[in-house]
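Please walk me through this structure, starting from a single packing contact and working outwards to the rest of the chain. I would like the reasoning spelled out where a description depends on it.

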Amino acid sequence: MERTRNSMPDNKNSLDKLPNAMTTGPASRDFMKGEETGTGNEMYGLMTELYPICRSITGNGVRETLRIMKEHIPLEVHEVPTGTKVFDWFVPKEWNIRDAFVKNSEGEKIIDFRKNNLHVLNYSIPVRKKVSLSELKEHLFTLPERPDWIPYRTSYYSENWGFCMSHAQYLQLREDEYEVLIDSTLEPGSLTYGEYRVQGETDKEILISAHICHPSLCNDNLSGVAIAVFLAKALSRMSLKYSYRFLFVPGTIGSITWLSLNEREVSKFEHGLVAACLGDFGRFTYKKSRRGSAEIDRAVINVLKNSGEAYEVTDFMPFGYDERQYCSPGFNLPVGCLMRTPHGRYPEYHTSADNLDLVRPEYLEGSLAKYLEVLSVLENNSRYLNQNPKCEPQLGRRGLYQATGGQKEGKSREIAMLWVLNLSDGSNTLLDISDRSGIRFSAIKEAADLLKQHGLLRECGE
Ligand code: ZN
């Protein structure tokens with residue numbers, strides 16, 4: 001699979017086309033009718049730019065990443081000082097790294113951080129010394145079952161140093177005196193995160209969260225970052241019912257920090273999704289919120305069910321990404337995680353093979369479309385009241401009934417209208433009607449709009 005930066009078409013402004021369908025106004029939040037946008041290539045381009053940066057849970061790699069993201073969305077960057085108590089945790093010392101290598105006695109660099117930042121155990125303390133092969137081996141990490149790949153390893157909360165390398169190269173190491181250098185700093189500083197809010201008609205919010213702490217790894221989680229950035233970009237041009245809050249935080253400690261410092265904001269969250277692992281070819285996998293049947297869970301499952309594609313739904317479990325924090329019992333927020341192949345379930349996970357070849361623009365584009373479709377359900381999921389509830393209204397008189405039978409499209413539109421009329425007694429939402437009828441949400445919404453235009457339906461609360 002060969003791909004180069006040069007093959008990326010130059011279509012920087014193509015996303016502008018996406019929200020055009022919104023000109024019908026806020027009554028119909030139909031942002032699913034985007035044309036082919038080339039947005040997949042733009043997301044891939046952003047990932048390509050971010051890929052070489054050595055990120056961690058703190059430090060300049062995160063700052064540089066947020067700076068590049070700011071070229072797309074005007075996010076706010078926050079710095080939280082080392083030592084700040086955040087629930088049961090403390091913001092750690094800040095880690096930065098300039099260089100690292102292992103040289104043999106001939107002065108040859110056998111491991112070079114500048115070639116791949118996964119070579120360094122992330123959060124390694126500084127070291128400069130000469131070591132024997134056996135001492136060096138105590139600090140080496142490899143993947144014997146995948147001998148050509150470099151593993152990704154971290155040591156955030158216990159001070160250590162180390163290098164990661166391919167097992168094939170490890171097997172070739174010979175007795176020698178090695179020079180080891182890790183030119184890093186681990187000092188008081190701060191934890192950096194990014195936040196971006198899109199204001200809708202109401203202050204009720206939908207949370208989209210992505211972790212930004214992984215170095216040169218693509219599916220986990222530059223794909224989630226790219227999806228969230230382009231989702232934010234698209235939403236910021238739309239007429240919306242909900243407000244949206246995008247968090248770009250280092251995994252675990254970042255969401256804990258945000259929740260600790262913003263506890264009062266949490267009550268605004270009506271729905272939320274953690275965006276991760278969205279650029280590979282795998283089918284969609286949805287991990288439910290801890291609540292299990294929150295509206296977000298139902299909306300995602302409804303969209304996946306009607307997609308005609310294979311998909312998987314898993315129950316909540318207290319491991320994974322930042323949904324662990326959002327769904328901790330003290331918050332229990334309705335936050336799920338919509339992925340393609342989940343963490344740990346693809347062989348390239350947390351290795352150098354999770355690179356720009358594993359992800360593709362078309363899969364990113366499909367993931368963004370899925371997110372937009374889910375949000376479209378949430379945005380449009382209202383209750384309606386049938387204005388003619390005693391027996392069916394005469395649709396034919398209003399031009400809503402196909403006089404001659406057999407036209408498939410007209411027939412399915414009629415069936416959608418009959419479902420909407422029958423279930424619109426004020427207690428069912430359009431999502432309820434879609435679930436019960438097995439008809440796509442967008443078709444149910446179209447039927448509701450049509451009936452409303454003809455005075456047969458009124459939106460509750462209007
Ligand atoms: Zn990860």
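**From a helix contact to the zinc site**

In this predicted model, Trp419, Val420 and Leu423 of helix 10 are in contact with Ile433, Arg436 and Ser437 of helix 11. Sorted by class, the residues of this contact comprise 4 nonpolar, 1 polar and 1 charged. Helix 10 covers residues 408-423, and its axis comes within 10 Å of that of helix 11, the two crossing at roughly 125 degrees. Because an angle of that kind falls neither in the range of 65 to 115 degrees that counts as roughly perpendicular nor over 145, where roughly antiparallel begins, helix 10 and helix 11 are described as oblique to each other. The crossing of helix 10 past helix 11 is right-handed.

Helix 11 itself spans residues 430-437 and also holds aspartate 432. Once residues up to four places away in sequence are set aside, aspartate 432 touches Arg298 and Ser427. A very different separation appears when aspartate 432 is paired with lysine 103, for these two residues lie 329 residues apart in sequence and 64 Å apart in space, taken from C-alpha to C-alpha.

A second helix pair can be read in the same way. Helix 7, made of residues 295-305, packs against helix 9, made of residues 361-380, at an angle of about 125 degrees and with the axes 9 Å apart. Helix 7 and helix 9 are therefore oblique to each other, and helix 7 passes helix 9 in a right-handed crossing. On the side of helix 7 the contact is formed by Glu295, Ile296, Ala299, Val300, Val303 and Leu304, which meet Lys370, Glu373, Val374, Val377 and Leu378 on the side of helix 9. By class, the residues of this contact are 8 nonpolar and 3 charged, with no polar residue among them.

The path now turns to the metal site. Which residues provide the protein donors of the zinc ion? They are His214 and His350, each through NE2, together with Asp220 through OD, and they lie 2.0 Å from the ion. Along the chain these donors follow the spacing H-x5-D-x129-H. Aspartate 220 belongs to helix 5, residues 218-235, whereas histidine 350 sits in the loop between strand 16, residues 335-339, and helix 9, so the pair ties together parts of the chain that are 130 residues apart in sequence. Both aspartate 220 and histidine 350 are buried.

Aspartate 220 also takes part in a backbone feature, since the peptide bond that leads from aspartate 220 to asparagine 221 is cis, with omega near 5 degrees. Asparagine 221, like its partner in that bond, is placed in helix 5. Most peptide bonds are trans, and most residues other than glycine have a negative phi.

Two further residues bear on the second part of that general statement. Phenylalanine 87 has a phi near 50 degrees, a positive value in a residue other than glycine, and is found in the loop between strand 2, residues 85-86, and strand 3, residues 89-90. With a relative accessibility of 37%, phenylalanine 87 counts as partly exposed. Cysteine 391 likewise has a positive phi, near 65 degrees, and is located in the loop between strand 17, residues 383-386, and helix 10. At 69% relative accessibility, cysteine 391 counts as exposed.

Another loop residue is aspartate 315, which is found between strand 15, residues 311-314, and helix 8, residues 323-326. Is aspartate 315 buried or exposed? Its relative accessible area is 55%, and because the exposed class begins over 50%, aspartate 315 is placed in that class. Apart from neighbours within four places in sequence, aspartate 315 is in contact with Lys287 and Lys288. Aspartate 315 and arginine 290, for their part, are 25 residues apart in sequence and 7.8 Å apart from C-alpha to C-alpha.

These local pictures can be set within the whole protein, which has 12 helices and 19 strands. Its C-alpha trace spans about 90 × 45 × 35 Å along the principal axes, and 58% of its 462 residues count as buried. Among contacts between residues at least 6 apart in sequence, 79% join residues at least 24 apart.

Technical notes: Residues are numbered from 1 along each chain as its sequence is written. This is a predicted model: local features need pLDDT of at least 70, side-chain atom pairs count only at pLDDT 80 or more; totals for chains, interfaces and linings use all residues. Side-chain values use heavy atoms; hydrogens and water are left out. Axes are lines fitted to C-alpha atoms, for helices over the stretch in contact, and angles run from 0 to 180 degrees between N-to-C directions. Helices (H or I, at least four residues) and strands (E, at least two) are DSSP runs, numbered from the N terminus. Angles under 35 degrees count as roughly parallel, over 145 as roughly antiparallel, 65 to 115 as roughly perpendicular and the rest as oblique. A crossing is left-handed if the near helix is turned anticlockwise from the far one by less than a right angle, and right-handed if clockwise. Contact means heavy atoms within 4.5 Å. Ala, Val, Leu, Ile, Met, Phe, Trp, Tyr, Cys and Pro count as nonpolar, Asp, Glu, Lys and Arg as charged, and the others, Gly among them, as polar. Donors are N, O and S atoms within 2.8 Å of the metal (3.2 Å for Na, K and Ca); water is not among the atoms, so sites may look incomplete. Buried means under 20% relative accessible area, exposed over 50%, partly exposed in between (1.4 Å probe, protein chains only).
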